[in-house]
Amino acid sequence: MTDTHRNFACVGQPCELAAGRAVFLSSHYDDVALSCGGTVALLAERGPEPVIVTIFGGEVTDEVLNQFARWKHGRWGLTDMDSVREQRQAEDTAAAHILRTGTRWLGIPDAIYRGEHHLSDDELYGEVQAAELPLAQLIADEVQALPEWSDTSTVFVPLGAGRHVDHQLVFLAGRHLADRSVQVLAYEDCPYVIHTPLALETRLAELSDCLGAPRYVKIASTFERKLAAIEAYATQVPVLFRFTSDVRGELTKFGQRMAPELGAVERFWPVLPQAPI
Ligand SMILES: [Zn+2]
């Protein structure tokens, strides 16, 4: 048996990941379903009902939209802000229903709506700007103020592979929560890690001092529901997976890449508290 297989045998059950309620932080509406929808569905079967919290689901008006945001909307086939919000929240509700989880939307605007900070893909996938760093603390505070929150909650955050600034900010919120003695696990950001595997290696190297050894969850029994939940984000899938004409095939291959004989697997890294200075 290889080391990898021993890891699977030891930590294959979701109850070992999260003893209390699981709180999944999704930078955008679709991130959790895409990255760890199989584990969400498994934890929902076990109970208590997990909750997916979309952090950057905030609303803005048409008048303040910059050109970059308008271009993004055009690519999604949506033309005005009301239809963007209604469509994306309807998709999110449908996905949550499939995964049998609760859902909440915090009111923080997506990076493409935050004034003039992010006006190109280069700015969207780069260093978090100093002026935005306080958002991470705010997110941590908001999460701990949710009605679903309890001291036994386990929080899941994106690793930030791919360096989208919103993903990095939610990861940083996870670090704040870990420093407050909360159990925090980071998931690998899909589909970034599918089309750019090097992004994962780069990010893991960058975070080597604050992540524990990865844990694995076998999701074969909920994999079909994960796929259905992803497909519920109908405006996003063609854009996110524009590198392939076989979305199901790509997701299946990706899920099974670590141990094909075990079926699909999702992987998580514990976020460690910072050592006291
Ligand atoms: Zn995202």
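Here's a quick tour of one protein model, with a stop at helix α2 and another at Arg100.

This is a predicted model, in which local features need pLDDT of at least 70, side-chain atom pairs count only at pLDDT 80 or more, and totals for chains, interfaces and linings use all residues. Residues are numbered from 1 along each chain as its sequence is written.

**The whole protein**
- The protein has 12 helices and 7 strands; helices (H or I, at least four residues) and strands (E, at least two) are DSSP runs, numbered from the N terminus.
- Of its 277 residues, 44% are buried, meaning that 20 or more other C-beta atoms, placed from the backbone, lie within 10 Å of the residue's own (12 or fewer is exposed, in between is partly exposed).

**Helix α2**
- In α2, 14 of the 16 residues are buried, so the rest of the structure largely encloses this helix.
- α2 bends by about 85° at Gly37, where the bend is the angle between axes fitted to the seven residues ending there and the seven starting there.
- Just after α2 comes Gly47, with a positive phi of about 75°.

**Arg100**
- You'll find Arg100 in the loop between α4 (81–99) and β3 (102–105).
- Buried or exposed, or partly exposed: which is Arg100? Arg100 is partly exposed, because it has 17 other C-beta atoms within 10 Å.
- Setting aside neighbours within four places in sequence, Arg100 is in contact with Ala41 and Ala44 (contact means C-beta atoms, placed from the backbone, within 7 Å).
- Arg100 and Arg225 sit 125 residues apart in sequence, with their C-alpha atoms 9.8 Å apart in space.

Note on methods: Two residues are in contact if their C-beta atoms, placed from the backbone, lie within 7 Å.
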